[in-house]
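Colleague: I should like to go through this structure step by step. Could we begin with the terms and then turn to the details?

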Amino acid sequence: MLINDKKNLPIGFFDSGVGGLSVLAKFRKRLPSENVVYFGDTIHLPYGNKTKEELVMYAKNILNFMNNKPVKAVVIACNTSSAQAYDIVKNDYSFPIYPIIQSCAKSICALNYKRVGVFATEATVNSGKYTSEFKKYNSDIKIKELPSKNWVSIVENVGENIEPKRANIKYEIQEMMRFKPDKIILGCTHYPYLMNEFVKYAPKDIFIDPSDIFTDFIKKDLEMNNLLNPNKNQGYEEFYVSSNPNEFVKNAKIFYNVISTPILV
């Protein structure tokens with residue numbers, strides 16, 4: 001396929017559920033003319049307690065689905081998949097694959113923070129990927145990665161009473177603040193939804209949502225590879241899920257307005 005033909009192909013996004021929509025929302029503001037295919041792997045939600053082998057299998061299945069569409073690139077809008085699966089699958093496909101952790105590390109390190117905290121899922125923390133990626137660009141940086149309990153489930157169950165879990169959020173934020181970080185990275189694309197809870201225990205400007213840095217990186221790389229869609233009209237969107245399409249639409253509203261019911265695959 002010629003490059004000019006590829007320009008009009010969609011860009012794939014995937015996550016375990018609605019969290020990746022926080023990345024898509026910012027991507028849309030920067031590149032409104034791009035066509036998008038989004039896959040929420042809701043049947044396997046949450047990813048944070050899955051094994052590496054399971055996460056690699058899920059990623060391959062989704063990437064194969066994207067390849068059959070076809071797409072011109074895929075965005076791994078999920079820290080857990082970026083940490084556990086990307087390095088294994090990255091050379092298996094002809095299109096670019098953008099992992100959120102690896103794509104953002106250099107830019108964040110360039111800001112010269114000395115102490116950085118990371119909240120992420122258990123699988124992401126167990127991988128040590130934030131620490132290893134940051135150390136590539138700044139060997140002196142101090143990193144503290146903490147797994148956060150139940151935060152994804154709060155976001156994926158909008159009607160759920162958050163009150164019983166507030167004590168858990170408070171404890172984990174206070175535990176991180178004892179590290180005295182310059183910044184705290186929200187190392188899961190679901191977590192920005194909980195900002196109203198976080199700011200009760202720490203200043204808002206201490207938190208970094210990597211989605212902003214990530215979408216800038218994607219845009220620059222598409223430009224460099226001459227893959228930007230030249231169309232001036234609003235790009236189309238297709239949504240797919242592996243279970244519970246109606247639940248996905250309901251929960252998606254916290255991040256993004258999914259107009260049509262996703263297709264169950």
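Modeller: A nonpolar core is a set of buried Ala, Val, Leu, Ile, Met, Phe, Trp, Tyr and Cys residues joined through side-chain atoms within 4.5 Å. Please note that this is a predicted model.

Colleague: Which helix gives the largest share of the largest nonpolar core?

Modeller: The largest nonpolar core has 65 residues, of which Phe13, Leu21, Phe134 and Phe198 touch the most other members. Its largest share, six residues, comes from one helix, namely H6 (residues 100-109).

Colleague: How many residues belong to the second, separate core?

Modeller: Phe39, Val71, Val74 and Ala85 are among the members of this second core. It stands apart from the largest one, and its number of residues is 24.

Colleague: Which strands stand at the edges of the open sheet?

Modeller: The sheet consists of four strands with parallel pairing, in the order S6-S5-S7-S8. An edge strand has a single partner, so one side of it is left without a neighbour in the sheet. This applies to S6 (142-147) and S8 (207-208).

Colleague: Which residue of S8 does Ile184 stand opposite?

Modeller: Strand S7 (residues 183-186) pairs with S8 in the parallel sense, over two bridges. In S8, the residue opposite Ile184 is Phe207.

Colleague: Are helices H2 and H12 parallel, perpendicular or oblique to each other?

Modeller: The axes of H2 (residues 21-30) and H12 (residues 211-224) come within 9 Å and cross at roughly 50°. Angles under 35 degrees count as roughly parallel, and 65 to 115 as roughly perpendicular. The two helices, H2 and H12, are therefore oblique.

Note on methods
Residues numbered from 1 in each chain as written. Predicted model: local features only at pLDDT ≥ 70, side-chain atom pairs only at ≥ 80, totals over all residues. Heavy atoms only, no water. Pairing = 2+ DSSP bridges. Buried < 20%, exposed > 50% of the residue type's maximum accessible area, 1.4 Å probe, protein only. Axes fitted to C-alpha atoms, helices over the stretch in contact; angles between N-to-C directions. Parallel < 35°, antiparallel > 145°, perpendicular 65-115°, else oblique.
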